[in-house]
Amino acid sequence: SLEHAADDADTLQSLRALMEESEDWSGLTGLLERQVAAAQDPGAKAGALCDLGAVWRDRRDRPDNAVLQYREAFKVDPSCVHALQAARALYEEAENFELVALTLELEAGQADDEAARHELLIERGFVLATEVGDVAQAVACFEQVLEAVPDNEDAAGALAEIEAFIAENAD
């Protein structure tokens with residue numbers, strides 16, 4: 001039965017391949033849901049949730065369900081940056097820029113190194129300034145980068161543009 005098959009990685013891969021080949025997306029969804037339920041390890045559970053999210057996104061045209069899987073994956077394993085990136089891409093497609101900004105903040109918190117963290121903060125600052133209209137939070141992002149790297153041209157340029165815009169529109 002499928003319950004026993006969930007323990008056997010080779011059998012599981014074969015089943016997945018068969019379902020993908022026959023385009024049995026409903027069956028694959030069920031198989032992945034059982035895999036999620038059976039997974040004990042947070043990394044494995046998050047991986048299965050991301051796979052499930054990809055099926056909802058790419059094969060079943062349900063980005064809403066995909067986002068739920070990605071959010072759950074991040075909740076189960078906060079080191080699962082792939083889940084954040086996949087959710088952010090869907091938020092961008094839906095033009096939900098508040099959630100894009102929030103996801104960038106979470107990604108920045110999980111970044112492996114300072115340079116990557118600063119890039120994400122700068123991107124978040126641009127989204128906040130240009131799409132969300134939250135200039136104060138955007139300025140905070142750019143200032144945070146400049147505190148750590150005073151000669152960061154992207155952050156300095158963005159901050160200068162915002163200050164010029166505010167000065168022009170102060171009247």
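**Group meeting: a walk through the helices**

Hi everyone, let's start with A9, which lies in helix 2. Helices here are DSSP runs of H or I with at least four residues, numbered from the N terminus. At 53% relative accessibility, A9 counts as exposed. For that word, exposed means over 50% relative accessible area, buried means under 20%, and partly exposed is in between, with a 1.4 Å probe and protein chains only.

Before going on, a word on what you are looking at: this is a predicted model, where local features need pLDDT of at least 70, side-chain atom pairs count only at pLDDT 80 or more, and totals for chains, interfaces and linings use all residues. Residues are numbered from 1 along each chain as its sequence is written, and side-chain values use heavy atoms, with hydrogens and water left out.

Back to A9. If you go from A9 to E131, you move 122 residues along the chain, and the two C-alpha atoms are separated by 44 Å.

Now helix 2 as a whole, residues 9-21. What span should its 13 residues have? At 1.5 Å a residue they should cover 18 Å, and the end C-alpha atoms are 18 Å apart, which agrees. The expected span is 1.5 Å times one less than the number of residues.

Which residues of helix 2 are buried? They are L12, R16 and M19. They cover an arc of only 65 degrees around the axis, which puts them on the same side of helix 2. The arc is taken from the directions that run from the helix axis to the C-beta atoms. Turned away from that buried side is a face carrying the exposed residues D10, L18 and E21. Just after helix 2, E23 takes a positive phi of about 55 degrees.

Next, please find R88. R88 sits in helix 6, residues 81-93. Is R88 buried or exposed? R88 is buried, with a relative accessible area of 12%. Setting aside neighbours within four places in sequence, R88 is in contact with V100, T103, L104, E107, L120 and E123. Contact here means heavy atoms within 4.5 Å.

R88 also brings us to the salt bridges, and the structure holds nine of them. A salt bridge is a side-chain nitrogen of Lys or Arg within 4 Å of a carboxyl oxygen of Asp or Glu. One of them joins the side chains of E92 and R88, at 3.7 Å from N to O. Both residues lie in helix 6, four residues apart, about one turn of the helix. E92 is partly exposed, at 34% relative accessible area.

R88 has another partner in E107, with the closest N and O atoms 2.5 Å apart. E107 lies in helix 7 (residues 97-110) and R88 in helix 6, so this pair ties together parts that are 19 residues apart in sequence. Both E107 and R88 are buried.

Moving along to helix 8, residues 114-132, R117 and E114 both lie there, three residues apart, about one turn of the helix. Their side chains meet in a salt bridge at 3.4 Å, N to O. R117 counts as partly exposed at 21% relative accessibility, and E114 is partly exposed at 44%. To come back to our arginine, salt bridges that share partners join R88, E92, E107 and E123 into one network.

Where is D112? D112 lies in the loop between helix 7 and helix 8, and at 78% relative accessibility D112 counts as exposed. The C-alpha atoms of D112 and S79 are separated by 10.0 Å, with the two positions 33 residues apart along the chain counted as their spacing.

Last stop, helix 9, residues 135-148. The 14 residues of helix 9 should span 20 Å at 1.5 Å a residue, and the end C-alpha atoms are 20 Å apart, which agrees. In helix 9, A138, V139, C141, F142, V145 and L146 are buried. They cover an arc of only 155 degrees around the axis, which puts them on the same side of helix 9. What covers them? Helix 8 and helix 10 are included in that cover. On the other side of helix 9, A136 and E147 are exposed.

That's the tour, thanks for listening!

Definitions and conventions
Helix = DSSP H or I, 4+ residues; strand = E, 2+ residues; numbered from the N terminus.
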